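Student: Could you take me through one part of this model in detail, with the criteria behind each term spelled out as you go?

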Amino acid sequence: MALAILLCCVCVLCVRTDVNSSGKGSRAYRAGTNSVCFECVVTAAAAGIASYRPAGMAEKWRLAIGKIRKGLAIKNAEDNGPTKKDQASSDTLFDGEQPTLEEIRSWGKSFDKLMRSPSGRKAFREFLRCEYSEENILFWLACEELKKETNPEAIEEKARFIYEDYISILSPKEVSLDSRVREIVNRNMVEPTPHTFDEAQLQIYTLMHRDSYPRFINSPQFKTLAQIPEGVSASGSTAESPSN
């Protein structure tokens, strides 16, 4: 059961029928016979499920979300689960030019250096995929791409895709944001710009730095890449912690 953009379907919440796949129309999420349009997703995210209007729709919204998210989460886990091919090796992990051992080891001392390196981001992404949190770095990368865009129509389209993929409560790739940042994003989506997701991107960057990064640099995958013996930390000792 996968996420689909549908033609001529009916939103179970607002009963809209003008759903289409063009940039001007309404997008719909669907699992089985349940469809929810993009506008209802944004409305519910901004107002909160409990206060969703019109009256009496809150329970219908909960049921629709439950069915859709269950199906999408199962499919996402099947598609993105770790496999035997995930074992780290500099020969198979990186395409093209290989990073030097010195560069790889520098990733263990600075999260900023890791994220500035294309090879570092790739290694970190593989680790996050094994932890089922790949959506964090994918969202961060999507925001970086949006910042490079100058065409107004392309900015609006890319911002909408980012919202649907990583901010929407219906998405199996939804990132973890607090209510303050979600409110900022929802306001910014009225008139998207290359910096619509700046607050959200910073929060996810901080989350990866504090939560996933320490586990990454102490993981067998990273130690294999950096040729660090067991019992030795990424910084070269068992006591020193990584700096920013």
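Tutor: What follows is a close look at helix α9 and its salt bridges, with a few other places set beside it.

This is a predicted model, in which local features need pLDDT of at least 70 and side-chain atom pairs count only at pLDDT 80 or more, while totals for chains, interfaces and linings use all residues. Residues are numbered from 1 along each chain as its sequence is written, and side-chain values use heavy atoms, with hydrogens and water left out.

Helix α9 covers residues 179-188, where helices (H or I, at least four residues) are DSSP runs numbered from the N terminus. At its start, a side-chain oxygen of Asp178 comes within 3.2 Å of the backbone nitrogen of Arg180. Within the helix, Val181, Arg182, Ile184, Val185 and Asn186 are buried; the term means under 20% relative accessible area, with exposed meaning over 50% and partly exposed lying in between (1.4 Å probe, protein chains only).

Glu183 and Arg180, by contrast with that buried group, count as partly exposed, because the relative accessible area of Glu183 is 48% and that of Arg180 is 46%. Both take part in salt bridges, each defined as a side-chain nitrogen of Lys or Arg within 4 Å of a carboxyl oxygen of Asp or Glu. Glu183 pairs with Arg187 at 3.2 Å, N to O, and since these two stand four residues apart in helix α9, about one helical turn separates them. In general, an α-helix has 3.6 residues a turn, so residues three or four places apart point the same way.

Arg180 instead pairs with Glu199, the closest N and O atoms being 3.8 Å apart. That pair links distant parts of the chain, since Glu199 belongs to helix α10 (residues 198-217) and Arg180 to helix α9, with their positions 19 residues apart. Glu199 is partly exposed, because its relative accessibility is 35%.

A further pair offers a parallel to the one inside helix α9: Glu126 and Arg129 form a salt bridge with their closest N and O atoms 3.3 Å apart, and both lie in helix α6 (residues 118-130), three residues apart, about one turn of the helix. Here Glu126 counts as partly exposed because its relative accessibility is 23%, whereas Arg129 is buried because its relative accessible area is 17%. In the whole structure there are twelve salt bridges.

Methods. Polar contact = N/O pair within 3.5 Å; in protein donor to acceptor, adjacent residues only side chain to side chain.
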